[in-house]
Amino acid sequence: MTRPIQFNNHPFRFLLYLEWILLAFAALTAALPSHSSRLQARFPELTICSLMLFGLMGLRLPTRNHITKILYTAAEIFLIIIIDFFGGRTARIFPFFYVILVTRSCLIFQLPGRLVVTALSFVLFLITFRRRFARIVLSPASQERFLFFTLSFVLVFGLALLFVLLMMNAVISERESREKLAIANEKLRQYALQIENQATLEERNRIAREIHDSLGHSLTALNLQLETGLKLWQSNPTKAQAFLAKAKELGSKALQDVRQSVSTMRSHPLQEQSLEQAIASLAENVQRSTGVAPICQIHLSHPLPVEISTAIYRIVQESFTNICKYAQATEIKLEITKIKNSLQLRISDNGIGFDLTQNTTGFGLQSMRDRTLALGGYFNINSAPGSGCQITATIPLSRSLVTHLETHD
């Protein structure tokens, strides 16, 4: 069971102001003189003080200690009884004290407590109502009309209390829902910031490792070639020239690695491009690097959401990078298809493969796995030495997107 709304003061100030206005009219009625002794307040000062205290109690509503809530409600009932006994016409004209009691109980108690206070309010109203008219003597015809009026008034007042209870429950539920939604939105915003920061950190780590593994080795080898070429320049110019040529080749490779690292740093790799166009550009880079043109089969009838397209692009980019560096493949296949309520990406090559038991925690593979899992998908990789490699990423699609794609098939 959820806890009630935690407020130090009255949560609905307009209700508090309305209570004060009604209580002010009741106090004015108690203070004015009356021609009938039965309608005149016997102790107007006590009645007015009770009304003032009853109104001031609305400024501070107990919401934590259960015993305090009960004592608070008991004090309200006690004040209402005092007003009823000593208020004269004030209690007769203004039976709304019970409405205020029910309203405040909705702000203090949970549903069982609200029902108990509402039922108690109705019972107290019946008791006081009966006491007021118990001594009235009427003719049989008048008594029948009076009885009908009395039953109608009691029924209407009971329905009014029930309506107030239902209305306050609806208002409080709506307010709690808005507060929970605001809290959830704030948590989602914080989670989004954390995920964004985590993604940025992972991307930086990836680029750092990429620079260390590729550019670092290339520059180290380049430095050795240049040192050797300088040493042999005087004694053996022909051999030194070969070392310099090798150094130039390594420099070109290092430049290519820098460009690739810079390319991966782009926050929006699909800017002004469809997924098919972006993957085609990656395939062209693979062909320039290895001489092997990847076979791309993309079966999509409608653009995908940006988060899915970006994840697929990054997975394809990482896969092609690994193939160019390590696979020594002569055939590369890529296929993207929609299967039932999911999207499946499959990338395979006939390269040298690798042992999964020795290379399952590499940064590139982990990055692809994380991107797939972040979208609630499933990532799988099959490879063995000499048997090539196959990567499969299955990403679920929302129902609305699936319906939209099916209508365009």
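Two strands pair if DSSP finds at least two bridges between them. Helices (H or I, at least four residues) and strands (E, at least two) are DSSP runs, numbered from the N terminus. The model is predicted: local features need pLDDT of at least 70, side-chain atom pairs count only at pLDDT 80 or more, and totals for chains, interfaces and linings use all residues. Residues are numbered from 1 along each chain as its sequence is written, and side-chain values use heavy atoms, with hydrogens and water left out.

**Exercise 1. The sheet and its strand order**

Task: Determine in which order the five strands of the open sheet lie, and which strands are at its edges.

Solution.
Step 1. The order is S1-S2-S3-S5-S4, and the pairing is mixed.
Step 2. Strand S1 (295–298) and strand S4 (378–383) are the edge strands, since each pairs on one side only.
Step 3. From one strand to the next, the twist averages 10 degrees.
As background, strands of a sheet pair through backbone hydrogen bonds, either parallel or antiparallel.

**Exercise 2. Strand S3 and its two partners**

Task: Describe how S3 pairs with S2 and with S5, and name bridge partners of Leu343.

Solution.
Step 1. Strand S2 (residues 332–339) pairs with strand S3 (residues 342–349) in the antiparallel sense, over eight bridges.
Step 2. On the S2 side, Lys338 stands opposite Leu343, and Lys333 stands opposite Ser348.
Step 3. S2 and S3 form a hairpin with two residues between them. In its turn, Lys340 has a positive phi of about 55 degrees.
Step 4. S3 and S5 also run antiparallel, joined by eight bridges.
Step 5. On the S5 side, Leu343 has Ile395 as its bridge partner, while Asp349 has Cys389. Leu343 is thus placed between Lys338 and Ile395.
Step 6. Seven of the eight residues of S3 are buried, and the strand is mostly covered. Here buried means under 20% relative accessible area, exposed over 50%, and partly exposed in between (1.4 Å probe, protein chains only).

**Exercise 3. The edge strand S4 and the packing helix**

Task: State how S4 is joined to S5, and which helix packs on the sheet.

Solution.
Step 1. S4 and S5 pair in the antiparallel sense over six bridges; the bridge partner of Phe379 in S5 is Ala393.
Step 2. The two strands form a hairpin with five residues between them, and Gly386 in the turn has a positive phi of about 80 degrees.
Step 3. Helix H10 (residues 306–327) packs on the sheet and touches S2, S3 and strand S5 (389–396). Contact means heavy atoms within 4.5 Å.
Step 4. The direction of H10 makes about 10 degrees with that of S3. Axes are lines fitted to C-alpha atoms, for helices over the stretch in contact, and angles run from 0 to 180 degrees between N-to-C directions.
Step 5. Arg314 lies in helix H10 and, at 8% relative accessibility, counts as buried. Arg314 and Ile279 are 35 residues apart in sequence and 9.7 Å apart in space, C-alpha to C-alpha.

**Exercise 4. Aromatic pairs**

Task: Classify the ring pairs Phe54 with Phe97 and Tyr98 with Phe125.

Solution.
Step 1. Rings of Phe, Tyr and Trp (its six-membered ring) pair if their centres lie within 6.5 Å; planes under 30 degrees apart count as stacked, over 60 as edge-to-face and the rest as tilted. This rule gives a count of five aromatic pairs.
Step 2. The ring centres of Phe54 and Phe97 are 6.3 Å apart and their planes stand at 85 degrees, so this pair is edge-to-face.
Step 3. This pair links distant parts of the chain, 43 residues apart: Phe54 is in helix H2 (residues 44–56) and Phe97 in helix H5 (residues 97–108).
Step 4. Phe54 is buried because its relative accessibility is 0%; Phe97, at 3%, also counts as buried.
Step 5. For Tyr98 and Phe125, the centres are 6.1 Å apart and the planes at 80 degrees, so the pair is edge-to-face. Tyr98 in helix H5 and Phe125 in helix H6 (residues 111–133) are 27 residues apart.
Step 6. Tyr98 is buried at 4%, and Phe125 at 0%. Tyr98, Phe125 and Phe157 form one aromatic cluster.

**Exercise 5. The surroundings of Arg104**

Task: Establish whether Arg104 is buried or exposed, and over which ring its charged end sits.

Solution.
Step 1. Arg104 lies in helix H5 and is buried, with a relative accessible area of 0%.
Step 2. Its charged end sits over the ring of Phe54, 4.6 Å from the ring centre. The rule requires NZ of Lys or CZ of Arg within 6 Å of the ring centre and within 35 degrees of the ring normal.
Step 3. Leaving aside neighbours within four places in sequence, the contacts of Arg104 include Glu19, Phe54, Tyr72 and Glu76.
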